[in-house]
Amino acid sequence: MSRANILVVDDEAINLEILSEYFESESDLVLHATASSEEAWALLQDEEADFQVILLDRMMPGLDGIGLLRRIKADSRLAGIPVIMQTAAGTPAQIREGLEAGAYYYLTKPYRRDGLLAIVHAALADAETRDALRKQLNQHVYSLKFMEQAEFSIRTVDEAAQLASFVAHACPSPDNAIMGISELLINGIEHGNLGLTYSEKSSLKLNDRWQEEIERRGMLPENRDKRVRLSFRRYDKGVEFIVRDEGRGFDWQDYLEIDPARAFDPNGRGIALARMLSFTSIRYEGCGNIAVARIDAPEAEPSKE
């Protein structure tokens, strides 16, 4: 198994020492520590540097954590690296600022070793999933841009990943669309058809048992025949996806925006991030078991003639 490189950015020597001790027994993780955002940015500019997760202190002299986070997310080569923001305290406005700048998780100091490692491993797993989706994306032909409408039906999380990577090619920007499509499909499976609650997913993610539980529930007799259906249609201004599951719905209004109250949970931001990064709009119909997402085509540049 390859070892994952973790970049830690913190100006407090005692914090770096504690983190070093926390990771000491993790043979699959290699810690790289820096004491300032400027040093971290210099490391990240090395094209041979290969960091899988960044653990970033928010409050630092000079370029602070938010400033470095924005630089990272503005760089296409680095934007996909999960950034876990550390903070001693934070107002809801500060937390929202970090999440909207691209922070993947928030950790409140002081934190326990087990909690930190669980979040790091969850971030690594999510990053691996994104990389796998992007690799699948590149395997498909671009002729899907000619598809006008289509209907699909899936049952498992693996099928959701395959379908997302396939239909994303019908979108104006496949790289942006794929994660949002995947998020809606997986939500339909786990929360809709399999009835997984928010709190149950949080616990499973922190204990690295989410995949195991999804597979177990999927094999239950009452769930074996449940499907998530995706309808695709192209219209004059872009494309539209309708995702239907067989669940009892949910209070979707609370999840369209990033809620600082969920910033410290390993889940709960997917729909809001999909709306921000993948779709022009998302709305829910019925009891919340029907998601309608649109992606507008970019406006054509005016002719110079």
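These legends go with a set of close-up views of a predicted model.

**View 1. Five strands line up in one open, parallel sheet.**
The strand order across the sheet is 2-1-3-4-5. Strand 2 (29–34) and strand 5 (105–108) sit at the edges, each pairing on one side only. On average, neighbouring strands here are turned by 20° against each other, direction ignored.

**View 2. Strand 3 (residues 53–57) is mostly covered.**
Five of its five residues are buried. In a regular strand, side chains alternate between the two faces of the sheet. In strand 3, Val53, Leu55 and Asp57 point one way, while Ile54 and Leu56 point the other way. Whichever way they point, all of these residues are buried.

**View 3. Follow the pairing from strand 1 through to strand 5.**
Start with strand 1 (residues 4–9), which pairs with strand 3 in the parallel sense over four bridges. Here Leu7 stands opposite Ile54 of strand 3. Next, strand 3 pairs with strand 4, again parallel and over four bridges. The bridge partner of Asp57 in strand 4 is Gln86. Strand 4 (residues 83–87) then pairs with strand 5, in the parallel sense and over four bridges. Gln86 turns up here too, with Leu107 in strand 5 as its bridge partner.

**View 4. Helix 7 (residues 174–193) is largely enclosed by the rest of the structure.**
How many residues does helix 7 have, and how far does it reach? There are 20 residues, and the helix reaches 27 Å from its first C-alpha to its last, close to the 28 Å expected at 1.5 Å a residue. Of those 20 residues, 15 are buried, so the helix is largely enclosed. Just after helix 7, Gly195 takes a positive phi of about 65°.

**View 5. Asp208 has a positive phi without being a glycine.**
Most residues other than glycine have a negative phi. Asp208, though, comes in at about 55°. Look for Asp208 in the loop between helix 8 (198–206) and helix 9. Is this residue, Asp208, buried or exposed? With a relative accessibility of 67%, Asp208 counts as exposed.

**View 6. Asp131 sits in helix 5 (residues 113–137).**
Asp131 is partly exposed, with a relative accessible area of 41%. Gly80 is also worth picking out in this view: the C-alpha atoms of Asp131 and Gly80 are separated by 8.7 Å. Along the chain, Asp131 and Gly80 are 51 residues apart.

**View 7. The second largest pocket holds about 150 Å³ of space.**
Its lining includes Arg155, Asp158, Ile189, Gln211 and Met219. Helix 6 (157–167) and helix 9 (210–218) each supply at least two lining residues. Helix 9 gives the most, with four residues. By type, the lining splits into five nonpolar, three polar and three charged residues.

**View 8. One cavity of 30 Å³ or more turns up in a search of the whole structure.**
Rolling a probe the size of a water molecule over the atoms shows where empty space is left. The largest cavity has a volume of about 40 Å³. Which residues line the largest cavity? They are Arg155, Ile189, Asn193, Leu194, Gly218, Asn223 and Lys226. The lining of this cavity divides into two nonpolar, three polar and two charged residues. Arg155, Ile189, Leu194 and Gly218 appear in the lining of the largest cavity and also in that of the second largest pocket.

Note on methods:
Residues numbered from 1 in each chain as written. Predicted model: local features only at pLDDT ≥ 70, side-chain atom pairs only at ≥ 80, totals over all residues. Heavy atoms only, no water. Expected span 1.5 Å × (residues − 1). Buried < 20%, exposed > 50% of the residue type's maximum accessible area, 1.4 Å probe, protein only. 1 Å grid on protein atoms, 1.4 Å probe; cavity = no way out; pocket = protein on both sides within 12 Å on 5 of 7 lines; lining within 4 Å. Points joined across faces, edges and corners; volume = space filled by probe spheres on them. Nonpolar A, V, L, I, M, F, W, Y, C, P; charged D, E, K, R; others polar. Pairing = 2+ DSSP bridges. Axes fitted to C-alpha atoms, helices over the stretch in contact; angles between N-to-C directions.
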